[in-house]
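Here are my notes on this entry. Please read them with the structure open.

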Amino acid sequence: MYTKRIFIIALSLVTAVCLNAKSKKQAWPDCTEIDSWFSDTAKVDIQSLGKQYVITDYGTVNDSNIVQTAAIQKVIDKCSAEGGGVVVIPKGTFLTGALFFKKGVSLYLNDGATLKGSDRIANFPIVETRIEGQTCKYFAALVNADHNDGFTIAGHGTINGNGYHYWEEFWIRRQWNRECTNKDAQRPRLTYISNCRNVTVQDVRLINSPFWTNHVYKSDHVRFLDCYIYAPTSGMKAPSSDAIDLDVCHDVLINGCFMSVNDDAVALKGGKGTWADKDTANGINYNIIIQNCRYGVVHGCLTLGSESINDHNIILRNIEVENANRVLWLKMRPDTPQHYEYVTVDNISGNVGSFLVVRPWTQFFKMDNRKDMPMSRCNNITISNIKTSCMNFFDVGLSDKYKLTDFAFRNINVTDKKNKFSKELIENTVADNIVINGVKIK
């Protein structure tokens with residue numbers, strides 16, 4: 001008891017230092033200073049990106065019934081060869097397979113413009129890429145950008161994945177084989193951005209992805225600003241249509257976006273498997289802020305896992321939730337060494353199923369024999385300034401495969417049907433000003 005009291009005093013002192021730091025400059029959960037880059041939500045001016053190449057000026061026709069991958073790719077290649085610029089999609093619907101945006105080339109969609117994905121997987125070549133925490137051969141996305149620093153997707157138009165037939169096939173496969181994986185059901189992602197710096201995706205509508213909507217790998221200084229990200233959550237549901245998957249990324253800002261998809265909204269990935277921490281293709285996600293966003297139906301507002309090995313300095317703040325299944329979901333894979341730390345969830349309002357979920361995740365589980373398998377950990381998780389209606393605010397389970405320590409709950413006022421909150425369950429829990437169902441927790 002004495003040791004725990006000393007820890008709580010020490011934690012309070014650290015928190016006070018952080019708060020003092022925040023009064024001068026914003027600080028990450030580990031108290032290091034947040035770079036001023038995160039305060040820049042100014043939109044990229046298309047005029048600053050160079051010459052504009054309107055696709056209909058170079059042989060692409062305004063006809064939504066024909067696949068024009070080659071014609072559009074020819075414009076991208078010309079733009080790159082001439083020193084870079086912006087490929088512009090004018091008003092109309094243009095059907096295409098996979099497009100590859102080369103160095104110096106960005107994408108702009110005018111009002112009323114739709115870049116629509118083909119519903120035939122044959123229009124998406126097999127390339128080396130990342131899927132579900134592994135580097136492998138798989139189908140290219142609709143929009144691809146690799147080693148393209150400064151890549152921008154802008155405009156008030158739409159990128160439509162045209163996913164209906166892909167979703168239909170997935171659910172048919174699942175009926176035939178309950179173990180059908182995402183790899184088994186051949187589907188392209190909507191966007192895949194890899195090995196890039198200074199990326200901005202702003203204002204666009206990103207809808208109906210056959211698979212993950214936005215996948216970002218080994219990239220940094222990435223901004224999603226005021227985007228509308230949607231896939232159906234009823235009727236013909238869009239399986240695994242995650243809004244934004246961050247895979248071995250750092251310095252990411254997601255600001256002012258709407259997300260409603262039939263899976264997780266923002267999911268942190270980085271590798272899976274018993275030896276995932278030894279694979280140089282895998283890695284850590286750090287310095288990520290998701291703020292001022294609104295959520296419709298999602299499985300998790302912020303999910304760490306299921307393919308994630310190390311996440312550090314993650315902030316989810318100033319969020320309105322309409323009907324999320326979970327807010328913070330820590331997926332703990334028994335077959336993967338994981339460490340989630342310094343995560344802050346602050347100022348959340350709305351209606352949710354479970355607010356905090358920490359549970360083992362065993363989908364497609366495969367444990368190898370590793371004698372030095374590290375113990376997985378979650379520590380320094382802070383949840384503060386919460387006003388929500390919940391089915392289950394505190395959905396936490398313990399396991400001999402992971403250790404939970406140093407959670408803090410502050411200024412919580414929720415309705416909670418399960419009413420299972422327990423500050424004794426997690427080692428070194430701080431609970432300050434917690435009101436559940438109108439009753440203050442002592």
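1. Leaving aside its neighbours within four places in sequence, which residues is Gln68 in contact with? There are two groups to look at. Thr60, Val61 and Asp63 come before Gln68 in the numbering, and Phe94, Leu95 and Thr96 come after. Please keep in mind that this is a predicted model.

2. Gln68 belongs to the loop that links strand E1 (52–54) to helix H2 (69–81). Is Gln68 buried or exposed? Its relative accessibility is 5%, so Gln68 counts as buried. The cut-off for that class is under 20%.

3. Now take a second loop residue. Asp119 sits between strand E6 (113–117) and strand E7 (126–131). Its relative accessibility is 36%, so Asp119 counts as partly exposed. That class runs between the 20% and 50% limits.

4. What does Asp119 touch beyond its neighbours within four places in sequence? The contacts are Asn162, His165 and Tyr166. Gly161 belongs in this picture too. Asp119 and Gly161 are separated by 42 residues in sequence, yet their C-alpha atoms are 8.2 Å apart.

5. On to the strands. E25 (residues 310–332) and E26 (residues 339–360) run parallel and are joined by 17 bridges. Within this pairing, Trp329 has Val357 of E26 as its bridge partner.

6. E26 also pairs with E27 (residues 376–396). How many bridges does that pairing have, and in which sense does it run? It has 16 bridges, in the parallel sense. Val358 stands opposite Val396 of E27. E26 is therefore bridged to E25 and to E27, by the rule that two strands pair if DSSP finds at least two bridges between them.

7. For the chain as a whole, the secondary structure comes to 30 strands and three helices. Contacts reach far along the sequence. Among those with a separation of 6 or more, 74% join residues 24 or more positions apart.

8. Why call the overall dimensions those of a compact globule? A compact globule of 442 residues would have a radius of gyration near 22 Å, and the chain has 22 Å, so the two agree. The C-alpha trace spans about 75 × 55 × 40 Å along its principal axes.

9. Last, burial, surface and charge. Of the 442 residues, 56% count as buried. The exposed area is about 18300 Å², with 48% supplied by carbon and sulfur atoms. The chain carries 50 positive and 46 negative charges, and the mean positions of the two sets are 4 Å apart.

Note on methods: Residues are numbered from 1 along each chain as its sequence is written. This is a predicted model: local features need pLDDT of at least 70, side-chain atom pairs count only at pLDDT 80 or more; totals for chains, interfaces and linings use all residues. Side-chain values use heavy atoms; hydrogens and water are left out. Helices (H or I, at least four residues) and strands (E, at least two) are DSSP runs, numbered from the N terminus. The radius of gyration is taken over C-alpha atoms; the globule rule is 2.2 Å times the number of residues to the power 0.38. Buried means under 20% relative accessible area, exposed over 50%, partly exposed in between (1.4 Å probe, protein chains only). Contact means heavy atoms within 4.5 Å. Accessible areas come from the Shrake-Rupley method with a 1.4 Å probe; for residues, only the protein chains shown count as cover. Lys and Arg count as positive and Asp and Glu as negative; His and the chain ends are not counted. The place of a charge is taken as NZ of Lys, CZ of Arg, CG of Asp or CD of Glu.
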